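Biologist: I'd love a close look at one part of this protein, with the whole molecule as a backdrop. Could you walk me through it?

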Amino acid sequence: MTCEMRRSMCGLPCELKGLDLAAPTAEEMGFDKESFREGMLSVTVLGASGDLAKKETFPALLDLYAHNYLPPQVAIVGYARSKQDSAAFREWLRPWLLKSFAGQMKTCQDALDSFLERLIYFEGQYDSAEDFARLAETLKAEEEKYKTSSVPKPDVTNRVFYFAIPPFAFLSAAKSIQESARSSTGFTRLIVEKPFGSDLASAKKLASDLSSLCNEEDLFRMDHFLGYEICQNILYVRFSNAFLEPLMNNQHVASVRISLKEDFGTTGRGGYFTHYGIIRDVIQNHLLQMLTLVAMEKPSNVGGDIRDAKVAVLNAMLDIDPEEVVLGQFTAANGNPGFLEDDSIAEKDREEAKYCSTFAQLVVRINNDRWRGVPFIIRAGKGLDESKCEARIQFKASYADEKVFGEGSSCARNELVLRVSPDEAVYYKLNVKSPGMSHKLVTSELDLSYKTRYEGVYSPLAYTRLILNGIRGKAESFVRTDELLRSWTVFTPLLEKIEGGKKNVIPYKFGSRGPEEADEMLSKLNYQYTAGSYTWKKPSS
């Protein structure tokens, strides 16, 4: 997923500029006495000069620093291969910080100079133990610089390494850290960005190689969807509302749809996308994570934690039927180029690109007592009519008693909608009497729109939340090895059956809803699409 896509999902609000949002303190959130705040702490960003680091990682660290969620004795290092010094790196990074989500907040603006002064740049190779040995000496000097009598445990050194680097560099960097730069007195934690392999075999190898270098409890595989406000709220909505949990099963739910629609294409990423496609890019990871949160049991019911409950759902999934899959590729329309017109696709890959899917709809079926028979429909696509990400639980229809509603009436299906972006919201579609003199049955909603209900509340972006959780050692929002391998066990056989032209890739016009065949399949999957009869009203700014 590109940084542009992440920002479109977050809906970066320009109205935040200069505002001082009400953020809770570390003490109020209960982590002011945790180990990462009591000893010395360093955070090293590998790939510091890259796109991800400047747009996501460093803005998140600025946010954490400005709100005092990092301890005052923290050292921050940017590590990359490009030749420059700390002064040049700070000058290059400053405008990116100012235009970021964090840079819109007054608290972060006020802390910007202090943050940059603390940030140093280190030039080195990712596969060089010697360079990481030099880094270790630099970290030691920086950690020594911030030792004061107010640090509770100054002899304990904790180190966090954030991997904003390509997957091919993971192992060499992890090996070099293990050999030369890990802490001898505190924890050493690695936060690693996806992708985690491209199929089951590559994921197994990467997992095996990493596990030989560090323990599972020190490895934090980040899927940034797990940091989104609504995704973090799914379990709270499900398990804290007495009326809802008894309805979340095959006796009441007709179908579940989890979708990610993007109104932009792959311009500049066509070369990458040709080898990955939409299923690997967002379905096997991001949207599958959302599905497990919607479908999982309470952790206490499976005798474990949240990640155990998610793995239990994955283990109950049946093989995905290729006959229930629709693939598509956008073509030129509405002034936008088609996928095959992307100049970043190499000439040698042109034939492979013809079979690359920029749209996919598939059905996951869960073989347990709660969900047996309920289709979980996952849909994702680029070059569509809008950008939107949501989970939509559609309940079975109620009987429209003519003695109550009149002859010929029908009850539209209720839906619980968890809208991740844009305009974060949780709303429940229900049937009510039309207002006024009419007795017509109409659809309305019980609506929690974050923009209006929580106006002015500090709600950081996914990277801020997840980096803090990784530093704290809170693993629930990260992907465990068995979870990763099981997800690839589900998707690899499907990919082998449909890729490379084995299943027809249907062309669809840029700016459309995608292939018509996908919508036509919905009715067969017990999902009712009611276009035009009801539209959720976005909150006013």
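Modeller: Happy to! Let's begin with the outside: the protein's accessible surface comes to about 23,100 Å², and carbon and sulfur atoms account for 50% of that area. Please keep in mind that this is a predicted model. As for the interior, buried residues make up 56% of the 541 residues.

The secondary structure comes to 18 helices and 15 strands. The protein is as compact as a globular protein of its length, because its radius of gyration of 24 Å is close to the 24 Å that the globule rule gives for 541 residues. Measured out along its principal axes, the C-alpha trace spans about 80 × 55 × 50 Å. Look at contacts between residues at least 6 apart in sequence, and you will find that 79% of them join residues at least 24 apart. Charge is worth a glance too: there are 67 positive and 74 negative charges, and their mean positions lie 2 Å apart.

Now for the close look, at asparagine 301. You can find this residue in the loop between α11, which covers 270-295, and α12, which covers 306-315. Asparagine 301 counts as exposed because its relative accessible area is 51%, and the cut-off for exposed is over 50%. To place asparagine 301 within the whole, try drawing a line from its C-alpha to that of methionine 437: the two are 49 Å apart in space, with a separation of 136 residues in sequence. So, when you turn the model on your screen, look for asparagine 301 as an exposed residue, with its relative accessible area of 51%.

Technical notes
Residues numbered from 1 in each chain as written. Predicted model: local features only at pLDDT ≥ 70, side-chain atom pairs only at ≥ 80, totals over all residues. Heavy atoms only, no water. Helix = DSSP H or I, 4+ residues; strand = E, 2+ residues; numbered from the N terminus. Buried < 20%, exposed > 50% of the residue type's maximum accessible area, 1.4 Å probe, protein only. Rg over C-alpha atoms; globule rule 2.2 N^0.38 Å. Contact = heavy atoms within 4.5 Å. Areas by Shrake-Rupley, 256 points an atom, 1.4 Å probe, with all protein chains shown as cover. Lys, Arg positive; Asp, Glu negative; His and termini not counted. Charge placed at Lys NZ, Arg CZ, Asp CG, Glu CD.
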